[in-house]
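Trainee: I'm new to this one and would like to start small. Pick a single spot, take a close look at it, and then follow the links outwards for me.

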Amino acid sequence: MEEKKINRVLSVILILLPLFLLLALGYADKRPMVRPLRCGNELVIRTDSRGKGVFNAPRNGRRRHKGVDLSAAAGEPVYAARAGLVLRSGFHRGLGHYVEIRHHDGWVTIYGHLKRRLVKKGQMVGQGALIGEVGKSGNADHPAMSAHLHLELRDPKGVAVDPMRYLE
């Protein structure tokens with residue numbers, strides 16, 4: 001009987017300890033999702049001669065836009081919308097310089113077309129942490145396209161979801 005109580009207490013400690021450590025280290029989200037850009041009072045979706053940056057907008061062929069393009073000046077700081085683990089920080093032909101972060105609940109955010117990446121693969125970041133700078137890399141380098149942040153949100157199954165539904 002005494003052994004069962006000890007095992008139960010140990011189980012509770014093993015469950016609560018990681019949560020406590022996340023909170024103590026500042027890696028727990030204070031809000032469901034914060035803005036990745038701090039410029040202006042509202043987030044503006046990119047619209048220029050190269051197309052619209054809204055979620056699910058048509059692209060070449062049968063492709064659809066899997067994120068939103070948020071207008072911002074080149075060099076503007078980009079912040080993590082949620083706390084998590086940096087899965088990738090690299091270069092992709094389409095996304096250009098990008099950062100991909102997996103969050104505690106399995107959701108993923110992707111930040112693309114960056115001028116500069118400020119985090120590395122395997123790094124833990126807190127909600128609101130500086131992760132990069134707005135740019136025009138990848139397929140956003142066309143002269144007629146304005147600088148912007150490409151933001152994607154994916155559910156635990158990898159399905160793209162409109163991030164504007166969750167941004168404050």
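Is Gln127 buried or exposed? And which residues does Gln127 touch, not counting residues up to four places away in sequence?

Mentor: Quick housekeeping before we dive in. You're looking at a predicted model: local features need a pLDDT of at least 70, side-chain atom pairs count only at pLDDT 80 or more, and totals for chains, interfaces and linings use all residues. Residues are numbered from 1 along each chain as its sequence is written, and side-chain values use heavy atoms, with hydrogens and water left out.

Now, your spot. Gln127 counts as buried because its relative accessible area is 17%, and buried means under 20% (exposed is over 50%, partly exposed in between, with a 1.4 Å probe and protein chains only). You'll find Gln127 in the loop between strand 8 (124-125) and strand 9. Helices and strands here are DSSP runs numbered from the N terminus (H or I, at least four residues, for a helix; E, at least two, for a strand).

So who are the neighbours? Not counting residues up to four places away in sequence, Gln127 touches Asp29, Lys30, Arg31, Pro32, Met33 and Val34, along with Ala80, Ala81, Arg82 and Ala83; contact means heavy atoms within 4.5 Å. With Ala81 there's a polar link too: the Gln127 side chain reaches the backbone oxygen of Ala81 at 3.1 Å. A polar contact is a pair of N or O atoms within 3.5 Å; within protein, one must be able to donate a hydrogen and the other to accept it, and residues adjacent in sequence count only if both atoms are side-chain atoms.

Let's hop across to Arg82, one of those neighbours. Arg82 belongs to the loop between strand 4 (77-79) and strand 5 (84-92). At 7% relative accessible area, Arg82 is buried. Setting aside residues within four places in sequence, its contacts include Gln127, Gly126, Tyr111, Trp107 and Asp105. The Arg82 and Asp105 side chains are joined by a polar contact of 3.0 Å.

That takes us to a hairpin. Strand 6 (residues 96-102) pairs with strand 7 in the antiparallel sense over five bridges; two strands pair if DSSP finds at least two bridges between them. Arg102 has Val108 in strand 7 as its bridge partner. Five residues sit between the two strands of this hairpin, and Gly106 takes a positive phi near 95° there.

Stay with strand 7 for a moment, as several links run through this part. Seven of its 10 residues are buried. Strand 7 also pairs with strand 10, again antiparallel and over five bridges, and Tyr111, one of the Arg82 contacts, has Leu151 in strand 10 as its bridge partner. Then there's strand 9, joined to strand 7 by three bridges in an antiparallel arrangement. In that pairing, Leu114 is matched with Val134.

Side chains link strands 7 and 9 as well. Glu133 and Arg116 form a salt bridge, with their closest N and O atoms 3.0 Å apart. Glu133 lies in strand 9 (residues 130-134) and Arg116 in strand 7 (residues 108-117), so the salt bridge ties together parts that are 17 residues apart in sequence. A salt bridge means a side-chain nitrogen of Lys or Arg within 4 Å of a carboxyl oxygen of Asp or Glu. Glu133 is buried, at 16% relative accessible area, whereas Arg116 is partly exposed, at 44%.

One more step, over to strand 10 (residues 148-154), which is joined to strand 3 by five bridges, with the two running antiparallel. Four of the five residues of strand 3 are buried. Asp69 stands opposite His150 in strand 10. Asp69 also has a salt bridge of 2.9 Å, N to O, with the side chain of Arg46. Asp69 is in strand 3, while Arg46 is in the loop between helix 1 (2-25) and strand 1 (47-48), 23 residues apart. Both partners are buried.

The structure holds five salt bridges. Another one brings together the side chains of Arg154 and Glu152 at 2.6 Å, N to O. Glu152 is buried, with 6% relative accessible area.
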